[in-house]
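Here is my note on the model you sent, set out as numbered points. I begin with a single polar side chain and then turn to the nonpolar interior.

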Amino acid sequence: MKMEKYLREQGIRGPPYRLMVSMKKARSKPMELSHCVTPRILPHIHQWTESYGKSFVSWYGPTPRVNVMDPELIKDILSNKFGHFSKIKSTPLGKLLAEGVVNYEGEKWVKHRRIINPAFHLEKLKVGLYPISIQSLLMMPAFHTSSIELVSRWQKLVSEESCELDVWPDLQNLTADVISRTAFGSSYEEGRRIFQLQTEQAELVIQATRSVYIPGFRFLPTKRNKRMKEIYREVKALLREMIKKREKAMKLGEASNDDLLGILMESNNKEIENGGNAKSFGMSIDEVIEECKLFYFAGQETTSNLLVWTMVVLSMHLEWQDKAKEEVLQVF
């Protein structure tokens, strides 16, 4: 109530405090093909924006969240020049999925960002002089290989007979395959297993967050709680083993550093050497594991969703298909 008073004094209003917001009604009917998706996926935010304007407060338990839709204010918040804005702390359930650079602040964030940055340098994303093989993949050939395999499969299916394809599962598998190849190179089959476990973990965490929160419930030996802990342990064990193998190969000079894991480990080793092997420099093996888990969690679902929507929009606007084809022919 005190926090609500402070916010009202600054002109920030919002909906009255209530126990729950249900989204079932908004999602109960089929959606029209339109870019106006907010009323369906975030109906409460859509309704509150219309009622209270582009800056309003909503409540998650006793925690107020100020929703900001002013582009200039958003720039200030994201740049965080003066350090006034702190990140939302990861929940115990969220930590079962992944931690990593997205959760850190201050010096720890700066250190992790510096170590990870080389993996996302533009030159690393371009086609290299290496042959397209599982043993020596740069990222662009990995995108190419996975995409060619998918398109070839689709071409075979539609050439045999006229049929309807559900592209959503295939595009989920495509992004999983790309991340597995680019993250782990020759170990992408192992990577694919981690992806499957992380997907299952995400589903279980979402189920848990959608149920009524009871303090301490996560400690009870329910079927879901036990499975989440099993997945957490298995993913950690798989990644630890993979990292140890790569460390051994790097010491023998047999490792390729063309995938995310190799680039990350090479960058981390340089950080440790430059710091005189002090513990405060570089990342521990557990921190490297969390960054690898984050590659999966942050990249897979977002990309597959975007690819599906791109295909929907191209189907809505056939003239865009023609423009896209023209551009491809010009480039190649």
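1. Which backbone oxygen does the side chain of Asn225 reach at 2.9 Å? In this predicted model, it is the backbone oxygen of Leu220 that the Asn225 side chain reaches at that distance, and the side chain of Asn225 also reaches the backbone oxygen of Arg218, at 3.3 Å.

2. Asn225 has its place in helix α11, and with a relative accessible area of 6% it counts as buried, because the cut-off for that term is under 20%. Leaving aside residues up to four places away in sequence, Asn225 touches Phe217, Arg218, Phe219 and Leu220, so that Arg218 and Leu220 appear both among these contacts and as the residues whose backbone oxygens the side chain reaches.

3. Turning to the interior, the largest nonpolar core comprises 38 residues, and those with the most contacts inside it are Phe184, Leu239, Leu261, Leu264 and Val288. Two or more residues each are given to this core by α5 (92–97), α6 (106–116), α9 (167–184), α10 (188–210), α11 (223–251), α12 (260–274) and α13 (285–316), with α10 giving the most, namely 7 residues.

4. Leu264, one of the residues with the most contacts inside that core, touches Ile115, Ile116, Met283, Val288, Glu291 and Phe295 when residues up to four places away in sequence are not counted. Apart from the largest core lies another, of 6 residues, which include Leu150, Val167, Leu174 and Val178.

Key:
Residues are numbered from 1 along each chain as its sequence is written. This is a predicted model: local features need pLDDT of at least 70, side-chain atom pairs count only at pLDDT 80 or more; totals for chains, interfaces and linings use all residues. Side-chain values use heavy atoms; hydrogens and water are left out. A nonpolar core is a set of buried Ala, Val, Leu, Ile, Met, Phe, Trp, Tyr and Cys residues joined through side-chain atoms within 4.5 Å. Buried means under 20% relative accessible area, exposed over 50%, partly exposed in between (1.4 Å probe, protein chains only). Helices (H or I, at least four residues) and strands (E, at least two) are DSSP runs, numbered from the N terminus. Contact means heavy atoms within 4.5 Å. A polar contact is a pair of N or O atoms within 3.5 Å; within protein, one must be able to donate a hydrogen and the other to accept it, and residues adjacent in sequence count only if both atoms are side-chain atoms.
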